[in-house]
Amino acid sequence: MRAIFLAFAVLCGTCIKVQAQDLQPLLQTHAEEVAKPSRRSVGVMLDDLVASGLPQVPRFLEQWAGRSVWQGPDGVFFFGTEDGDTLVLEDVDSGETRTVPDDGYTQLRPNGGVRRVIGTALVQFQLADPDIARRQSAVESIARRPAADQLAPLVASIDGEADEELRARKIQLANFLTARFGETAEARIEAINSLAADTSVEARSVLNQILTRDTGVASTEPEGNIARILDPMEAPDDFYAELVEAGFAPAQTGPATIRAALEANIDGGTVGGVPLAQLSTDAARERAYAALARDGLAPPLVTQTTRDAALAAFVFYELYDEDNAAITEAAEAALASVEQRVAFAQAADLALDGLSLASIYFLAAIGLAITFGVMGVINMAHGEFIMMGAYTGYVIQLFIPDYTIAILVALPVAFAVTFAAGVTMERLVIRHLYHRPLETLLATFGISIALQQLAKNIFGTQARPLTSPDWLSGAWVISDVIQISYIRIAIFVLALLFLALILFVLKRTRLGLEVRAVTQNPGMAASMGINPDRINMLTFGLGSGIAGIAGVAIGLYAKVTSEMGADYIVQSFMTVVVGGVGNVWGTLAGASLIGFLQKGIEWLNPSNTLAAQTYMILFIILFIQFRPKGIVALKGRAAAD
Amino acid sequence: MTFKLSSMTAAALLGSTVLAAAECADPIKVGVLHSLSGTMAISETTLKDTMLMLIEKQNAAGGVLGCEIEAVVVDPASDWPLFAEKARELLTVHEVDVIFGNWTSVSRKSVLPVIEELNGLLFYPVQYEGEESSKNVFYTGAAPNQQAIPAVDYFLEELGVEKFALLGTDYVYPRTTNNILEQYLQDNGIAEDDIFVNYTPFGHSDWATIVSDVVALGEDGKQVGVISTINGDANIGFYKELAAAGVSADDIPVVAFSVGEEELSGLDTSNLVGHLAAWNYFQSAETDANAEFIAAWKDFAGEDRVTNDPMEAHYIGFNMWVNAVEAAESTDVDAVRDAMYGQEFPNLTGGTAVMLPNHHLAKPVLIGEITADGQFDIISQTAEVPGDAWTDFLPASKILKSDWQELGCGMYNVETNTCVQLTSNY
Amino acid sequence: MRQGFLYQNPSVLWFLAALGLFTVSVVMLSEVTGVAVVSTSFVKTLGKTLCLCLVAIAMDVVWGYCGILSLGHFAFFGIGGYAIGMWLMYARTEMIVLGSLEGQVIPPTPQEVSDAIGNQIFGVVGSSEFPLIWAFADSLFLQLLMVVLVPGLLALVFGWLAFRSRVTGVYLSILTQAMTLALSLYLFQNDSGLRGNNGLSGLQNIPGFEATSQAAISVVFFVASAVALGAGYVFFAWVVSGKMGSVIKGIRDNEARVRFLGYHVESYKLFVFTITAVVSGLAGALYYPQAGIINPGEIAPIASIYLAVWVAIGGRGRLYGAVIGAAFVSLLSSWFTGGGAPDIPLGFYTIQWTDWWLVLLGVSFVAVTLFFPKGIGGLFDYLVRKP
C-alpha cells in the first residue's frame, strides 16, 4: 500500500514541477466538476479552461467528451486507453505514457447534456481546424445549441472552408443565426424572409424561437410587442385559475373546498344550521356553505357571475419576447408560408408511409392470394411460412458474416425452404382435403401451432436479430418531413417485383395457363392432359415460397420471433378477402386500401394506434357485408363457390 | 430436471446438511410461479432459473433453519386465470411457505385475491406501476418513483429536455406511469402542449409515422426527449426505425423503462449507442458482489446468458426472506412478514437495500447508456430511493399511504386518518 | 312431446345420467364434505371445463349441425364474462368504499361514492367518472340481462348483416374472426373503460358472500355449471331434433336446395347463430367467476379457433362429441402444461412436455382431420353398432 503511494508520489514528481502552461493544476481546482460534471454547472469550469488559453485544452475537451479521460486514485487526470485489465495512461500535459493495472482508476463519463456543452465550448477551436471531422462536429454543435456569439466566428470561417458541402452547411447555419441574432433588424428580416421556403425542422425552430411569447394578465393592456389579446370566455375556468394564481381573485370553491369548510365548522351535529345527516347532497352542502359564508366563517362562494365579472375586469394577452414588431411580423409571415409547405409535405409523408404499409401487407398476403385466392385453400400456416423465411435469414446470417451476401443468399434459400415446406404440406395434408375447404382451415391451423412451437423449441422465445446490410439501413431523406427508410423502399420494390412475377407466371407461361385451367375446372383440365396434382403442388409451393421471401423482408424491418407469423395471418386474410379472391390485382387493391386506411385513421387519432387498428377492422367487416366478393369481384362461373 | 440433479449433488456433498435436514419434519418449500411457456416465457424462464440457482446456493450454505429448501416449480403458461389457479395449488396442495413469481401486472392482479384469501406470501420482482399495496406481497421491483421519476429528472436536469414524447404500449404500466409523468412534468413547468403521448399495441411493428411525429416535435427549437414504456418485441421495430431515421441520442435521447440486457440481445445496438435506460440494476455495475453473481449465473445457466434487473430483485428478495425466516425462527407468514420490515441486504450495485413498512425496497436508481455490445454504460447512480406505493404526484393517491408495520394498512388516507381498505385493489 | 323427444334421443338420457353421477361424485369428494380428495383448485378446473363444454356444444350446433364455421363464438363467451364481471367488481368495490366512508362525519354524496368506486376500479389510469357501459353495473339483475342481451344482439346484428349479404363458407369464418379480433383489440385499449389489458379481476370473490370459503363457492359454481351444461344439452338436443333440426342439417348439406324448397334459410341461420351466442354468453358468465379474472387476451382469435378444434376432435354433428372434445383437450392440455406429464428421455434429448405439447396437439389435430373426421365421438358408432 505504502509502496504504491510512494510510487505515485514519485510519479507526481513530474507534475509537481508545475509551470504556468500546465493544465493539470487547473483541472485539479475543478476536480469535482471534471469527475462528476453536470450540465448546469459545467459551464463555469469550461469558461475557466477556455480563458486559460492553454493549447492542451481543446484536446483535453475532446478526449473528455469521448470518455478517454481517467482519474487516478490520487485524483490526477490522465488520457487513458483500456487494454484488457491494463490501462495505457498519457499525461495531459507532457504526453508521457505508461501502462498500469486498471485497479483504482475510474473512467470519466460525461453524460449527453454535458457533452453537448463541451461541444459548444470546442466550437471556437474546431471551426477552422484542418481536420474536416472536427469542423463538422463544430458545425453540428452550433446547430444543436445556437448562440449569438457563434455568429461572427462562423461567418469568418466560411471563406476558408474548402469542403463544398460543409461550406453550404455553414452558410445555412450562418443564415439561421443571422435570423435570430443578426445585428440589424434589416439583416434579420432578410434572413427570416429567406426561410419562408425551408421546411426543415431547424428552420422552423429558428422561426419559432423568434416568435416565443409569454402569456400574462393585467388590468390594462400592457406596453410592448403584443402578439394577441385572448378572450377569457373561451375557457373561463382556466383563465380564472390564472387570475387566482396571479393573486387577482379568490380561489374557486369546488366540492372539495366546500367539504373542507363544512368539516371545519361542525357545530354540535349541524353545520350552518343544516343537520349533518342531511349533508349527503350537493344542494344541502351548498346551502350550509352559504350560511357559513354569511356568518363570515368561510370565504364567499365564487359563483359563475362573480367569476365572469372578475374575468371581464382583466386583459389576458400574449407578448412576444422580441420587441421589434417588424421582425415578428416577418417571422409570422415566413412561418405561415413554411407551415403550409409542411402540411403538404406531411401529407406526402403520410402517403409514403401508407404506400409502405400497403406494400408490406401486399407482400405478406400475396402468397396467400395464390393459395387461397387461386386454389381456394385456406392455409392458416401461411404466417408460419413467413416466420420460417425470417428464421432462415437469421440462420444464414449466423454463417455468413457479410450482411449483403447473407441477404442475397437468404432470399433464394428462404424461398427454397418454404417452397419445400409448402409442397410437403400439400402432398401430406392438403391434397386429401380439397373438397373440404373448412377442414383445410383446421388442419393447417394444427400445422401452424405445431410449427410455432417448434420454432420456439429450436430458437427460443427471445427475438432473434436479423440485421440489414449497411446500404439498406438509413433512410431516403427528401426533406426533414418527408423521409422513408431504405428497407421500406426495398420492400416496396420487392412487392412490385412479385406482382410482376406472379402476373407473368399466371398470364404468360404454360404453368400459369395450366394453373388457371385447373382452377376453373380440374376435371376438364385433367382430360386435356394436365396433371392437376402436379399443378396444385407447384402452385402451393410457389405461394409458400413467396411467403418465405416476405418473411426475410419483414424480419429485416421488424422483428424475428416465433409469433411474428400470427401478427400477419389475420391481416393477410383480410387483405385477400377485401381485395377480392382469385385475383392478384384484387390483393393489390386490398393491401392498398387497408394500408392507406390505417394510416389515415392513425393520422386522425395520432395518440392511439390500437384504436386505429380496431376501427380499421370494423371498417373491413362492414365493407365485406356490403361487398362480399371484394373490391375486384370475379364475374361469371369462376365467381361461384 | 437440472434442479433435481443439482440438489442431489449438493446433498451428497454436504453430508452435515443432510443430517440437519433429516431433523426437519416439515421441509421448507419455496413456490416458483413463473411462466415457462407462452408469450411471457421469454422473460420469466430466466427468473425461474435464477430462483433455482439461489435455492441451490442457499442449500449448499446449509439451507434455512437447518432445513433443506425445496423448490416447487409450476407453469402458469402466460395464461392469467391460470396464475390464480396455480397460486391456489401452490398454497393449498403443495403448502409452500413463500412464492416468488409473476411478471406482468395482470398476472399479479390475478394472483392477489388468492394469496390474500389464503394468507400467502409473494415476492414480486418486476418494476411496476404502483398504486397498489397488499399485505401479502413484497414488491422488490421498482415503483414509479424509483425508475420513472429519477429518469425524468435526469432528462430535465442533465439533458435539458424541454419537450417530451411519452411512447408506450397500451396497458396499465405505461398508462399509469405516463399519467404520473404528465402530472410531474407539468408540475415542473413543462407545458401540456409540449407533451406528446402515444400508445401502440403489443408487438407493434410499423413505427415510421410515430418516429417522424417525434422528429417533428423539434420544430419549435426545443430539446426533445423520448420516454419509452414500450414493452417487449415492439422495441425491436421501434429502435430499428429510430436508427433508420438517423435519430441519434445527441439529438433526441430515448430513455426506456422496459428495455434491459435481455431485450437488447435481439438487436444490433451499434446504431443505438447513447440511448438510455433506467433500472435499479445493470449487468455492467462494477462491484464484487455483482461479479460473483454474474459468474455464478453464467456457471449455472450458460456462458452467453446476461443478468438483468428483475434477477437482482429476486436475489435481494430471496436473501431477505431467508434472513427474515432465520430472524423469526419460523416460516409462518405473519412472523416472517414482521421480521421482513427493516431487513437489509447489500445491492449488487453497491449500497444497501432496506425493506420498508410499505413492502417496497429502498434501492438506488441507475441510468445507463446503451453500448455497442448490447450492455449499458452506467452514467448516473443515485443514493437509495425509498419505493412509494402510492405516487405523490397525483392528487387522488397523494393522500394515500401504505404502512403495514405501524398502521397495519396498505391504503391509509392521511387526510381523514382512516384505512380505506385492508385487501388490495385488484 | 317431451317424452317423445327423449325417447327418440336416448343419448341425452345417457349424457344426463353420466353428468349427474360425475357432479355428485365430485361434490362428495370435494373439500366441502371434508373428504378433500378433490382439491378446491381442481374443483374450479372441473367447473371451468364444464362451462367450456357448454360453449363447445353451442359451437357444435352452429358448425356441426348448421355448417357455419364461426371463428368468433369465444367473443360471445367473453362478453358474458365481462357482463357479469362488471357487476362483481362494482358490487365488491362498492362495499369496500361504503365501509371506508362510513366513519366520516359528513355523509358522502352519491357522487362522492361513485367517484370513490371509480377511483378504486380504474385507479389513476382512467377518470373516476364511469364510462357509459357501466351504467347498469350496480344491478345484478340488469347485468345478468346483459349476459344474455349483449351477445344475443351482437350476434343478431352481425348475423343479419352477414347472412343477408349471403356471406358464406370461408368468408364467414374470416368475418367472424375479424369480429372477435376487433372486439379484443377494442377491449385491449385502456380507453375502452373496461380496464384494458388488466381486464376485470378478483371475480371469484362474490359480493355478499365474503365469509363463505372458496371451497364452498367453487362447489356451488361447479354444480351450477353442471346444471347449465345439462340444460344446454337438452335444449340443443331438442333444437337439432325434429323438423327444425332437419332444416338446419339440410342447410349444412346444401343451402341452395333448402332455399329452393321454400325455407327462409337466413332466418334459420340467424336463429342458430343468435341462440348459440346467447348460450355462449351464459357459459362465459359462469366460467369467469371461477377463473377469477377476465381480460381481452381471453377473446383473441386463437381462443375461438381452439373452440373449433375441440369440437372437431370430439366429433362434429353430435353433441356429446363436443363435450368430449372440450373436456378431453382442455384437461389434457392443463395436465401436459402443468408439468404433470413425465418427461421422456431419448438419450440425446429429453422431451419436456411443456415444450412439446403444442407440437403434439397440432400434429394430432392434423391426424384427426385427415384420418378420423368423425373425431373421438366416432368411436361410439363402433360401440353402438356391435354391442
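Q: How many helices and strands does chain A have?
A: In this predicted model, chain A contains 26 helices and 12 strands.

Q: And what is the radius of gyration of chain A, set against the globule rule?
A: The radius of gyration comes to 36 Å, well over the 26 Å that the globule rule gives for 641 residues, so chain A is more spread out than a compact globule. Along the principal axes, the C-alpha trace of chain A spans about 100 × 90 × 60 Å.

Q: What percentage of chain A counts as buried, then?
A: Of its 641 residues, 43% count as buried.

Q: Which domains does the assignment give for chain A?
A: The assignment lists domain 1 (2-115), domain 2 (127-212), domain 3 (255-301) and domain 4 (342-640), and the centres of domain 3 and domain 4 of chain A, taken over C-alpha atoms, are separated by 69 Å.

Q: Let's turn to α23 of chain A: what is its reach from first C-alpha to last?
A: Helix α23 of chain A, residues 532-557, has 26 residues and reaches 38 Å, which is close to the 38 Å expected at 1.5 Å a residue.

Q: Is α23(A) largely enclosed or exposed, and why?
A: Because 21 of the 26 residues of α23(A) are buried, this helix is largely enclosed by the rest of the structure.

Q: Switching chains, how many residues of B and C are in contact?
A: There are 37 residues of chain B in contact with 37 residues of chain C.

Q: Which element of chain B gives the most to that side?
A: That is α4(B), with 8 residues on the side of chain B that touches chain C, and by class this side has 17 nonpolar, 11 polar and 9 charged residues.

Terms used. Residues are numbered from 1 along each chain as its sequence is written. Chains are lettered from A and ligands numbered from 1 in the order in which they are written. This is a predicted model: local features need pLDDT of at least 70, side-chain atom pairs count only at pLDDT 80 or more; totals for chains, interfaces and linings use all residues. Two residues are in contact if their C-beta atoms, placed from the backbone, lie within 7 Å. Helices (H or I, at least four residues) and strands (E, at least two) are DSSP runs, numbered from the N terminus. Ala, Val, Leu, Ile, Met, Phe, Trp, Tyr, Cys and Pro count as nonpolar, Asp, Glu, Lys and Arg as charged, and the others, Gly among them, as polar. Domain bounds come from an automatic or database domain assignment. The expected span of a helix is 1.5 Å times one less than its number of residues. A residue is buried if 20 or more other C-beta atoms lie within 10 Å of its own, exposed if 12 or fewer, and partly exposed in between; C-beta atoms are placed from the backbone. The radius of gyration is taken over C-alpha atoms; the globule rule is 2.2 Å times the number of residues to the power 0.38.
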